[in-house]
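Biologist: I'm new to reading protein models, and I'd love a close look at one part of this one. Could you take me through the sheet and what surrounds it?

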Amino acid sequence: FRSPSFVGTEDPVFDALEMLVAKGLSGVPVVRSGTMQVVGVVSGYDLLALDYTPGKLDRSSGLFPPLGSCDSFEGKKDLM
């Protein structure tokens with residue numbers, strides 16, 4: 001029995017990328033640090049898309065932005 005693969009919300013993006021490549025995975029669950037609650041899934045495509053996203057991304061909050069952080073887009077989700 002192998003232990004499941006996952007990354008935490010506070011893990012650096014490159015740790016997630018390294019895990020995907022090293023284990024040959026297409027994606028891994030993202031869990032909230034401390035509670036181990038699954039909050040999403042990150043894929044290799046997601047990580048590649050980070051390099052092609054226009055503008056500067058604030059990656060200081062981990063793999064997922066905090067709730068409400070998209071409010072600055074004034075509801076225009078096509079700008080995200």
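Modeller: Happy to! Let's begin with a word we'll need: a residue counts as buried when its relative accessible area is under 20%, and as exposed when that value is over 50%. Keep in mind that this is a predicted model. By that cut-off, buried residues make up 21% of the 80 residues in the chain.

Now for the layout. The chain has 2 helices and 3 strands, and reading from the N terminus the elements follow the order β-α-β-β-α. The strands form an open sheet of 3 strands, in the order 1-2-3 and with mixed pairing. Strand 1 (7-8) and strand 3 are at the edges; each has a single partner strand, so one side of each has no neighbour in the sheet.

Let's zoom in on the pairing of strands 2 and 3. They run antiparallel, and 5 bridges join them. Look for valine 28: its bridge partner in strand 3 is valine 42. Valine 28 also has contacts beyond its neighbours within four places in sequence, including Phe6, Val7, Met19, Leu20 and Val42.

Where do such residues gather? Val28 and Val42 both belong to the largest nonpolar core, which has 9 residues in all. Its other members are Val7, Val13, Ala16, Met19, Leu20, Val30 and Leu47. Helix 1 and strand 2 (27-31) are the elements that give two or more residues to this core. Helix 1 gives the most, with 4 residues.

Next to valine 42 in sequence comes valine 41, which lies in strand 3 (residues 38-43). Is valine 41 buried or exposed? Valine 41 is exposed, because its relative accessible area of 55% is over the 50% cut-off. Valine 41 is also among the residues that valine 28 contacts. Between valine 41 and valine 31 there are 8.6 Å from C-alpha to C-alpha, and the two are 10 residues apart in sequence.

Finally, let's go back to helix 1 (residues 13-23), where you will find leucine 17. Leucine 17 counts as partly exposed because its relative accessibility is 33%. Together with Phe14 and Val21, Leu17 forms a nonpolar patch on the surface, and the three have about 330 Å² of accessible area together. For the whole chain, the accessible surface comes to about 6300 Å², with 59% of it belonging to carbon and sulfur atoms. So as you turn the model, you can look for helix 1 both in the nonpolar core and, through leucine 17, in that surface patch.

Definitions and conventions. Residues numbered from 1 in each chain as written. Predicted model: local features only at pLDDT ≥ 70, side-chain atom pairs only at ≥ 80, totals over all residues. Heavy atoms only, no water. Buried < 20%, exposed > 50% of the residue type's maximum accessible area, 1.4 Å probe, protein only. Areas by Shrake-Rupley, 256 points an atom, 1.4 Å probe, with all protein chains shown as cover. Patch = residues over 30% accessible without salt bridge, like charges linked within 9 Å, V, L, I, M, F, W, Y side chains within 5 Å. Salt bridge = Lys/Arg side-chain N within 4 Å of Asp/Glu carboxyl O. Core = buried A, V, L, I, M, F, W, Y, C linked by side-chain atoms within 4.5 Å. Contact = heavy atoms within 4.5 Å. Pairing = 2+ DSSP bridges.
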